[in-house]
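Please open the model in a viewer and keep the sequence alongside it. The tour below proceeds by selections, each followed by what is to be found there.

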Amino acid sequence: MPGINATLQNLDKEKSNLIKALQQVQEIEGFISDTAVQTISDYFVIPPVEVEGVLSFYAQFKRIKPGKYIISVCDGTACHIKGSSLVANWISDFLGIKDGETDKDGVFSLETVACLGCCSLAPVVSINGKVFGNLDRRKLLKVLKQYKQMG
Ligand code: FES
């Protein structure tokens with residue numbers, strides 16, 4: 001996978017490319033680190049605060065390094081009807097993190113997403129892309145405990 005500098009070299013130093021640059025960096029690193037902010041600001045010859053301004057404006061950008069396991073709770077229509085908010089609460093209670101947060105050990109991140117494309121299994125979560133469906137509290141906690149043991 002190319003590094004940040006190699007990626008930036010493919011973009012003209014036009015400010016209109018700033019968002020594209022941030023998207024590409026996030027694709028490589030999974031988030032936008034302080035180092036990446038500085039590198040991007042150097043490349044486009046703009047102050048870091050200007051890069052931060054763009055980052056805070058667009059919700060798509062993550063400033064915190066995601067955990068080893070990213071738990072995506074589906075809140076599409078089918079899952080919503082089947083209790084996705086309860087599922088999110090069970091996860092929050094068990095791991096002590098809310099939507100958009102990562103635990104202090106950097107193991108789990110929690111996010112809410114739109115339909116994961118397997119509505120017949122609602123309610124559904126995915127962990128690093130692996131889908132778990134037809135969840136009730138017992139089944140969900142069993143899965144979470146397994147991941148916690150793997151650490
Ligand atoms: S709504 Fe959850 S998988 Fe489609």
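Begin by selecting helix H3 (residues 34–44) together with helix H4 (residues 48–57). In this predicted model, H3 and H4 pack at an angle of about 115°, and their axes are 8 Å apart. The crossing of this pair, H3 and H4, is right-handed. To see the contact itself, display the side chains of Val37, Gln38, Ile40 and Ser41 in H3, which meet Pro48, Val51 and Glu52 in H4. Sorted by class, the contact of H3 with H4 comprises four nonpolar, two polar and one charged residues.

Keep H3 in view and add helix H2 (residues 18–29). Here the angle between H2 and H3 is about 145°, with the axes 11 Å apart. The crossing of H2 and H3 is right-handed. On the H2 side, select Leu18, Ala21, Leu22, Val25 and Glu29; on the H3 side, select Ala36, Ile40 and Phe44, which they meet. This contact of H2 with H3 has seven nonpolar residues, no polar ones and one charged residue. Ile40 deserves a label of its own: this residue of H3 takes part in the contact with H2 and also in the contact with H4. An α-helix has 3.6 residues a turn, so residues three or four places apart point the same way.

Now zoom out to the whole chain. Its secondary structure comprises seven helices and four strands, and from the N terminus the order of elements is α-α-α-α-β-α-α-β-β-β-α. The C-alpha trace spans about 55 × 30 × 25 Å along its principal axes. Colour residues 4–57 as domain 1 and residues 69–150 as domain 2, following the domain assignment. The C-alpha centres of domain 1 and domain 2 are 31 Å apart.

Turn next to the sheet. In which order do its four strands lie? The order is E2-E1-E3-E4, in an open sheet of mixed pairing. Strand E2 (108–113) and strand E4 (130–132) are at the edges; each has a single partner strand, so one side of each is left without a neighbour in the sheet. Disregarding direction, neighbouring strands are turned by 25° against each other on average.

Within the sheet, select strand E1 (residues 69–74) and strand E3 (residues 125–127), which pair in the antiparallel sense over three bridges. Val73 has Val125 in E3 as its bridge partner. Then add helix H6 (residues 84–95), which packs on the sheet and touches E1, E2 and E3. The direction of H6 makes about 155° with that of E1.

Two loops merit a check of the backbone. In the loop between E2 and E3, select Pro123; the peptide bond leading from Ala122 to Pro123 is cis, with omega near -5°. Move on to the loop between E3 and E4 and select Asn128. Although Asn128 is not a glycine, its phi is positive, at about 50°.

Finish at helix H7 (residues 137–150). Why is a span of 20 Å expected for H7? At 1.5 Å a residue, the 14 residues of H7 should span 20 Å, and the end C-alpha atoms are indeed 20 Å apart, which agrees. The last selection is Gly151, which follows H7 and has a positive phi, near 65°.

Key: Residues numbered from 1 in each chain as written. Predicted model: local features only at pLDDT ≥ 70, side-chain atom pairs only at ≥ 80, totals over all residues. Axes fitted to C-alpha atoms, helices over the stretch in contact; angles between N-to-C directions. Left-handed = near helix turned anticlockwise from the far one by under 90°. Contact = placed C-beta atoms within 7 Å. Nonpolar A, V, L, I, M, F, W, Y, C, P; charged D, E, K, R; others polar. Expected span 1.5 Å × (residues − 1). Domains from an automatic or database assignment. Pairing = 2+ DSSP bridges.
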